[in-house]
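Good morning, and thank you for making time for this presentation. Please have the sequence and the coordinates open as I speak.

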Amino acid sequence: MVVALLPHAVAALLLLLLPWQRAGAAEFVVGDVAFGWDSGVNYAAWARDHAFLSVGDVLVFQYVSSQHNVYEVSESAYRSCDDTGGVRAKYTSGYDTVVLAEARSYWFICDFPGHCLGGMKLAVNVSAAGPSPHDVPQTPDSPPLQPGGGSSNAASEGRRSWVAWGLPLGVVVYMRSQG
């Protein structure tokens, strides 16, 4: 009898735990389009529009690897576009995912000659507490934010909703089909 109830107990436990596990995490394609990590994109504006980044979210950098790369750098390397001694990680595949695992500021540049100086750099501030209109680090090339200045990303919110409601609903359907 107890063994027969075990699958239902596990399913019920999953039903309770899954919404909290990754419901708040979202994936953001940098530049909002395929191959969005490219010259000519205003990344300061992109960061302002995505100022709701939180711990666990993922940045996806898509680019032509023979033309660009992504270096996570220190703030001073970001500001000066000189990565000497300030590189934290190098990404060169053309499809790189970066998990924002800590509540802190992150700085990214393209290290190809002239690209960073041409504006191919991104600064984001990840908040543990959740979104705030002031989550973008202020840099010389990003003007101060006005309250309520960020906009939401409907696609990301849709993914969050699906994770929060879709998985538990699937568990309930499975439980009913077994019983």
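I begin with Glu75 and Arg79, which form a salt bridge whose closest N and O atoms are 2.9 Å apart. I should state at once that this is a predicted model. Both residues belong to helix H3, and they are four residues apart, about one turn of the helix. Where do Glu75 and Arg79 stand in terms of accessibility? Glu75 is partly exposed, with a relative accessible area of 34%. Arg79, at 37% relative accessibility, counts as partly exposed too.

How many salt bridges does the structure hold in total? The count is three. Let me turn to the pairs that involve Arg104.

Arg104 forms a salt bridge with Glu72, and here the closest N and O atoms are 2.8 Å apart. Glu72 lies in strand S3, residues 70-73, while Arg104 lies in the loop between S5 and S6, so this pair ties together parts that are 32 residues apart in sequence. The two partners may also be described by their accessibility. Glu72 is buried, with a relative accessible area of 6%, whereas Arg104 is partly exposed at 22%. For those who work with cut-offs, buried means under 20% relative accessible area, so the 6% of Glu72 falls in that class, and the 22% of Arg104 does not.

The side chains of Glu72 and Arg104 are also recorded as making a polar contact, at 2.8 Å.

Arg104 has a further salt-bridge partner in Glu102, with the closest N and O atoms 4.0 Å apart. Glu102 counts as partly exposed, at 47% relative accessibility. Which residues, then, make up the network of salt bridges? They are Glu72, Glu102 and Arg104, linked to one another in that network.

I remain with Glu72 for a moment, in order to describe its surroundings. Leaving aside residues up to four places away in sequence, Glu72 touches a run of residues that includes Gly86, Val87, Arg88 and Ala89. Also among the residues that Glu72 touches are Tyr91, Tyr106, Trp107 and Phe108, together with its salt-bridge partner Arg104.

I move now to the cysteines. How many disulfides does a search of the whole structure find? The search finds one. It is formed by Cys81 and Cys116, with their sulfur atoms 2.0 Å apart. The angle about the S-S bond is -70 degrees, and the link of Cys81 and Cys116 is left-handed.

Why may one say that this pair ties together separate parts of the chain? Cys81 lies in the loop between helix H3 (75-80) and strand S4 (87-91), and Cys116 lies in the loop between strand S6 (105-109) and strand S7 (121-125), so the pair ties together parts that are 35 residues apart in sequence. Cys81 and Cys116 are both buried.

Cys110, in contrast, is in no disulfide. The nearest cysteine sulfur to it is that of Cys116, 8.3 Å away. A disulfide requires the sulfur atoms to be within 2.5 Å, so the 8.3 Å separation rules out a bond here. Cys110 counts as buried, with 1% relative accessibility.

A brief word on Val99, which lies in strand S5, residues 95-99. Is Val99 buried or partly exposed? At 49% relative accessibility, Val99 counts as partly exposed. Setting aside residues up to four places away in sequence, Val99 touches Gly56, Asp57 and Val58. The C-alpha atoms of Val99 and Ala26 are separated by 10.0 Å, and these two residues are 73 apart along the chain.

I conclude with the chain as a whole. The protein chain has four helices and seven strands. Read from the N terminus on, its elements run α-β-α-β-β-α-β-β-β-β-α. The chain has 179 residues, of which 41% count as buried. What share of contacts between residues at least 6 apart in sequence joins residues at least 24 apart? The share is 70%. As for the surface, the protein chain exposes about 9800 Å², and carbon and sulfur atoms supply 61% of that area.

To recapitulate, the two features I would ask you to locate in the viewer are the salt-bridge network of Glu72, Glu102 and Arg104, and the disulfide of Cys81 and Cys116. Thank you for your attention.

Terms used
Residues are numbered from 1 along each chain as its sequence is written. This is a predicted model: local features need pLDDT of at least 70, side-chain atom pairs count only at pLDDT 80 or more; totals for chains, interfaces and linings use all residues. Side-chain values use heavy atoms; hydrogens and water are left out. Helices (H or I, at least four residues) and strands (E, at least two) are DSSP runs, numbered from the N terminus. Buried means under 20% relative accessible area, exposed over 50%, partly exposed in between (1.4 Å probe, protein chains only). Contact means heavy atoms within 4.5 Å. A salt bridge is a side-chain nitrogen of Lys or Arg within 4 Å of a carboxyl oxygen of Asp or Glu. Accessible areas come from the Shrake-Rupley method with a 1.4 Å probe; for residues, only the protein chains shown count as cover. A polar contact is a pair of N or O atoms within 3.5 Å; within protein, one must be able to donate a hydrogen and the other to accept it, and residues adjacent in sequence count only if both atoms are side-chain atoms.
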